[in-house]
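Thank you all for coming; I would like to take a few minutes to walk through one model with you. Please have a look at it first, and then I will go through some individual residues and the strands around them.

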Amino acid sequence: MTTTTKMIPRTVLGIPGLQQPCTDRKCPFHGEITVKKELFRGKVVKRDINRSATIEWFSSHQVPKYERVELRRSRMRVHNPSCLNAQIGEEVLVAKTKPLSKTKHHVIIQKIQKNSLQVNS
Ligand SMILES: [Zn+2]
């Protein structure tokens with residue numbers, strides 16, 4: 001068994017990869033997968049040991065009959081690459097990729113710092 005660790009990270013959608021040792025084959029920067037420019041943004045609410053995470057985000061939907069706005073919650077299972085290692089509560093950017101497992105079709109490509117971007121107040 002040969003251990004070939006690619007230390008040079010790729011740049012994915014203009015986001016440079018971290019200079020870290022990474023043996024994750026499902027990593028968009030060091031691994032073998034490619035991502036599509038179909039981005040989602042959410043907050044990590046669950047982390048699992050097998051480099052999986054669950055993100056969630058809220059969107060408002062107008063109900064014309066009652067003239068009210070209802071809050072809808074969306075959840076998504078995503079892959080959490082070992083070089084990024086997003087923690088619970090962090091805001092992340094995910095991109096669509098090929099099916100990684102039964103429930104995962106997206107991968108985290110960036111952590112969003114709370115101080116730098118303030119879109120939703
Ligand atoms: Zn990596």
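**Strands, turns and a few residues**

Let me begin with Ser74, which is found in strand β5; strands here are DSSP runs of E with at least two residues, numbered from the N terminus. Before going further, I should say that this is a predicted model, in which local features need pLDDT of at least 70, side-chain atom pairs count only at pLDDT 80 or more, and totals for chains, interfaces and linings use all residues. Residues are numbered from 1 along each chain as its sequence is written.

Is Ser74 buried or exposed? Ser74 counts as exposed, because it has 11 C-beta neighbours inside 10 Å, where the cut-offs are 20 or more other C-beta atoms within 10 Å for buried, 12 or fewer for exposed, and partly exposed in between, with C-beta atoms placed from the backbone. Not counting residues up to four places away in sequence, Ser74 touches Glu56, Trp57 and Ser59, contact being defined as C-beta atoms, placed from the backbone, within 7 Å. The C-alpha atoms of Ser74 and Glu56 are separated by 5.5 Å, although these residues are 18 apart along the chain.

Turning now to strand pairing, which requires that DSSP finds at least two bridges between two strands, strand β3, residues 35-47, runs antiparallel to strand β6, residues 91-97, and 7 bridges join them. Within that pairing, Leu39 has Ala95 of β6 as its bridge partner. Strand β3 is also joined by 4 bridges to strand β4, residues 52-63, again in an antiparallel arrangement, and here Arg47 stands opposite Ala53 in β4.

The hairpin formed by β3 and β4 has 4 residues between the strands, and Arg51 in the turn has a positive phi of about 55°. Most residues other than glycine have a negative phi. Arg51 is buried, since 20 other C-beta atoms lie within 10 Å. Asn85, in the loop between β5 and β6, likewise has a positive phi of about 55° although it is not a glycine, but Asn85 is partly exposed, with 15 other C-beta atoms within 10 Å.

Finally, consider Phe29, which sits in the loop between β2 and β3 and is buried, with 24 other C-beta atoms within 10 Å. Leaving aside neighbours within four places in sequence, Phe29 is in contact with Pro9, Arg10, Val12, Gly17 and Cys83. The C-alpha atoms of Phe29 and Pro81, 52 residues apart along the chain, are separated by 9.0 Å.

Technical notes. Contact = placed C-beta atoms within 7 Å.
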